[in-house]
Amino acid sequence: MWPRIGELRSLALGTPGELRATLNTLVLAGVKTATAGLISEYAQENEELEQVGERLALVDDHDALVAVVEVTGVEVVRFAGVPWDFARSEGEGDRSIEEWRDGHGAYWARQGTPVTEDTQIVCIRFRLVSAGDGGISTGDLST
């Protein structure tokens with residue numbers, strides 16, 4: 001199971017360190033409004049897919065709250081079928097869908113899970129709700 005903050009599932013982008021810090025900064029700046037994951041990770045962690053309207057706790061390397069995001073879309077597609085408009089909304093500077101596929105394929109291979117054209121990808125779109133704890137108690141985060 002993924003860690004929780006209050007009632008919210010955590011969203012830990014990328015790998016700890018510079019990558020996670022960069023991705024979190026992109027979310028806080030409103031540039032990154034989507035993220036992609038492997039459906040196999042959900043099965044391994046016994047997690048359900050996110051639901052539209054669900055709020056997630058964006059966390060740093062120490063599982064501390066960075067921001068709260070709200071899921072605005074969830075779609076499962078083949079790796080080869082991830083659309084360019086989704087890839088662009090990840091806000092990571094890719095200039096084409098081919099560049100996105102090369103970068104994400106290399107990332108997952110480095111993590112020990114090489115992908116093929118048929119690998120199922122969870123495409124999550126979200127919007128920033130609040131940065132930091134915003135004075136919200138963890139008990140109030142799910143409202």
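Strand S1 (residues 4-5) and strand S2 (residues 8-11) run antiparallel and are joined by two bridges. Keep in mind as you look around that this is a predicted model. From these strands, the tour below moves on to the nonpolar cores, the aromatic rings and one buried glutamate, Glu 70.

**Strand pairing around S2**

- S1 and S2 make a hairpin, with two residues between them.
- In the turn of that hairpin sits Gly 6, which has a positive phi of about 60°.
- If you want to find the pairing by eye, start at Ile 5, whose bridge partner in S2 is Leu 8.
- S2 is also joined to strand S4 (residues 55-59), this time by three bridges, and these two strands run parallel.
- Within that pairing, Leu 11 has Leu 58 of S4 as its bridge partner.

**Nonpolar cores**

- The largest nonpolar core has 15 residues, and Val 82, Trp 100, Trp 108 and Ile 121 are those with the most contacts inside it.
- At least two residues of this core come from each of strand S3 (34-38), helix H3 (84-89), helix H4 (97-110) and strand S6 (120-131).
- H4 gives the largest share of this core, with four residues.
- Apart from this core lies another, of 14 residues, including Val 66, Val 71, Ile 124 and Phe 126.
- Back in the largest core, Val 82 is a good residue to click on: leaving aside residues up to four places away in sequence, Val 82 touches Val 77, Ile 97, Trp 100, Arg 101, Ile 121 and Cys 123.

**Aromatic rings**

- There are three aromatic pairs in the structure.
- In one of them, Phe 79 and Trp 108, the ring centres are 6.2 Å apart and the planes stand at 70°, so the pair is edge-to-face.
- Because Phe 79 lies in the loop between S5 and H3 while Trp 108 lies in helix H4, this pair ties together parts that are 29 residues apart in sequence.
- Both Phe 79 and Trp 108 are buried.
- Phe 79 and Trp 108 also belong to one aromatic cluster together with Trp 100 and Tyr 107.

**Glu 70**

- You will find Glu 70 in strand S5 (residues 65-78).
- With a relative accessible area of 16%, Glu 70 counts as buried, because the cut-off for that term is under 20%.
- Not counting residues up to four places away in sequence, Glu 70 touches Gly 53, Glu 54, Arg 55, Arg 125, Phe 126, Arg 127 and Val 129.
- One of these contacts, Phe 126, is among the residues of the 14-residue core.

Definitions and conventions:
Residues numbered from 1 in each chain as written. Predicted model: local features only at pLDDT ≥ 70, side-chain atom pairs only at ≥ 80, totals over all residues. Heavy atoms only, no water. Core = buried A, V, L, I, M, F, W, Y, C linked by side-chain atoms within 4.5 Å. Buried < 20%, exposed > 50% of the residue type's maximum accessible area, 1.4 Å probe, protein only. Contact = heavy atoms within 4.5 Å. Phe/Tyr/Trp six-rings, centres within 6.5 Å; stacked < 30°, edge-to-face > 60°. Pairing = 2+ DSSP bridges.
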